[in-house]
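Reader: I would like a close look at one part of this model, with its surroundings explained in plain terms. Please take it step by step.

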Amino acid sequence: MKLNLTSQFTGMLALGALLALTGCETVPETRTVDAKGPEAVNTAAINSQDWASAADQLVGSLLSSNALDNAPRTPAVLAVDRVINNTQLMVDTDLLIKKIRVALTRTGKIAITNTMGLGERAVVASEAAELEEMQSGKKQKVIVPDYTLYAKLIQQSDKGTKVTQNTYSFQMSLVQTKTGLTVWEEEKSIAKQTKRSGSVGW
Amino acid sequence: MKTSSSSPLRSAGALFATGLALLLTGCATNVNTYERADSQATPNYVADKRVITDNTLAGTFRVVAINQATVSGNLLKVQATVENLKNKLRTLNYKFEWVDANGMAVDSPNETWKAILLQGRETQTISTVAITPQAVDFRLKFRE
């Protein structure tokens with residue numbers, strides 16, 4: 001009987017120790033959020049909501065300008081020109097450009113060429129075209145783009161006594177290749193203020 | 001002697017009154033607006049249906065009007081005029097959604113929750129353009 005009580009006590013002690021060792025372990029909590037929603041982490045940099053907002057505003061402005069109404073064909077061929085990142089951020093500019101490409105392509109008014117310009121290059125498509133040229137002996141006709149899209153990202157930092165403001169400007173221009181004229185231009189800005197944390201004095 | 005005892009009291013009273021005045025008016029960032037009395041614009045207003053599930057939000061922001069236009073030949077553009085009913089700066093999160101002729105939601109990569117800041121009693125417009133001609137209807141959602 002005594003042995004039985006001792007073994008029960010030992011078992012409970014072991015169970016308690018096990019619970020104490022594993023029960024208090026902090027499990028990192030992860031939840032899925034809308035990447036472009038208000039729950040997205042807001043930082044002094046450009047977050048996912050900012051990219052989506054900038055892309056939407058630029059596309060809205062381009063479509064509202066009716067600049068594509070005088071296109072020589074439908075869909076008009078667009079080549080993505082340079083996207084200059086003059087911010088202090090190491091970002092992939094496709095975070096902006098891809099959203100604009102997707103939106104413009106879906107309108108049915110724009111087809112984006114991948115064989116010209118500094119945008120996304122279709123390497124396999126180019127190789128396939130070269131192979132076709134070799135096999136058929138005919139030179140493939142490359143479509144000259146009707147428009148080129150040029151973009152620039154700029155960051156301006158202003159420091160107050162307690163607050164730092166980062167203003168990010170998204171500039172975009174649509175150039176008609178035949179005339180070299182800019183047929184649409186837009187600049188949208190997002191300003192972010194960050195309060196400086198108090199310094200620790202020793 | 002009499003003046004020396006009443007002076008601190010008077011100063012405290014003045015300070016209290018100033019503080020109260022600042023408390024009542026200092027935080028307000030209301031916006032005064034002036035515009036042409038007889039507007040030359042002829043907006044194409046849309047009759048809207050409202051589903052309110054958050055009365056506090058509805059008491060903070062009011063949709064004054066919604067109008068629409070066609071841009072780039074066949075794309076629908078919608079603009080809503082929103083008013084901040086409070087006397088303080090408020091952030092409004094809004095989102096547009098598009099619906100096609102069959103009542104199906106039209107996916108649009110850039111139609112996400114967006115935030116705007118409205119000063120006290122300020123009226124602002126928010127707008128969007130459908131990226132496909134198939135979009136014929138819209139939904140506008142608000143959250144604070």
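Reader: Of the 14 residues of α4(A), how many are buried, and what does that number say about where the helix lies?

Author: The model is a predicted one, and the description below rests on that. The number of buried residues in α4(A) is zero out of 14, so this helix lies largely in the open. A residue counts as buried here if 20 or more other C-beta atoms lie within 10 Å of its own.

The helix itself is regular in length. α4 of chain A covers residues 123–136, and the distance from its first C-alpha to its last is 20 Å, close to the 20 Å expected at 1.5 Å a residue. After α4(A) comes A:Gly137, with a positive phi near 75°.

Helix α3(A) makes a useful comparison. It also has 14 residues, which should span 20 Å at 1.5 Å a residue; the end C-alpha atoms of α3(A) are 19 Å apart, which agrees. Just after α3(A), A:Gly108 has a positive phi of about 80°.

Burial is another matter. In α3(A) the buried residues are A:Leu96, A:Lys99, A:Ile100, A:Arg101, A:Ala103, A:Leu104 and A:Thr107. An α-helix has 3.6 residues a turn, so residues three or four places apart point the same way. The cover over the buried residues of α3(A) includes α2, β2 (110–112), β3 (147–159) and β4 (163–176) of chain A, together with β2 (75–84) of chain B.

One of those covering elements, α2(A), leads to the core. The largest nonpolar core has 42 residues, and A:Ala55, A:Leu58 and A:Val59 touch the most other members. α2(A) gives the most to this core, with eight residues. Leaving aside residues up to four places away in sequence, A:Leu58 touches A:Ile100, A:Phe170, A:Met172, A:Glu186 and A:Lys188. A:Ile100 is also one of the buried residues of α3(A). In soluble globular proteins, nonpolar side chains tend to be buried together.

Chain B enters the picture through the interface. There, 22 residues of chain A are in contact with 18 residues of chain B. On the chain A side, the elements that give two or more residues are α2 (48–64) and α3 (94–107). α2(A) gives the most to that side, with nine residues. By class, the chain A side has eight nonpolar, seven polar and seven charged residues.

As for the partner, chain B has two helices and seven strands, in the order α-α-β-β-β-β-β-β-β along the sequence. Of its 144 residues, 14% count as buried.

Key:
Residues are numbered from 1 along each chain as its sequence is written. Chains are lettered from A and ligands numbered from 1 in the order in which they are written. This is a predicted model: local features need pLDDT of at least 70, side-chain atom pairs count only at pLDDT 80 or more; totals for chains, interfaces and linings use all residues. Two residues are in contact if their C-beta atoms, placed from the backbone, lie within 7 Å. Helices (H or I, at least four residues) and strands (E, at least two) are DSSP runs, numbered from the N terminus. Ala, Val, Leu, Ile, Met, Phe, Trp, Tyr, Cys and Pro count as nonpolar, Asp, Glu, Lys and Arg as charged, and the others, Gly among them, as polar. The expected span of a helix is 1.5 Å times one less than its number of residues. A residue is buried if 20 or more other C-beta atoms lie within 10 Å of its own, exposed if 12 or fewer, and partly exposed in between; C-beta atoms are placed from the backbone. A nonpolar core is a set of buried Ala, Val, Leu, Ile, Met, Phe, Trp, Tyr and Cys residues joined through C-beta atoms within 7 Å.
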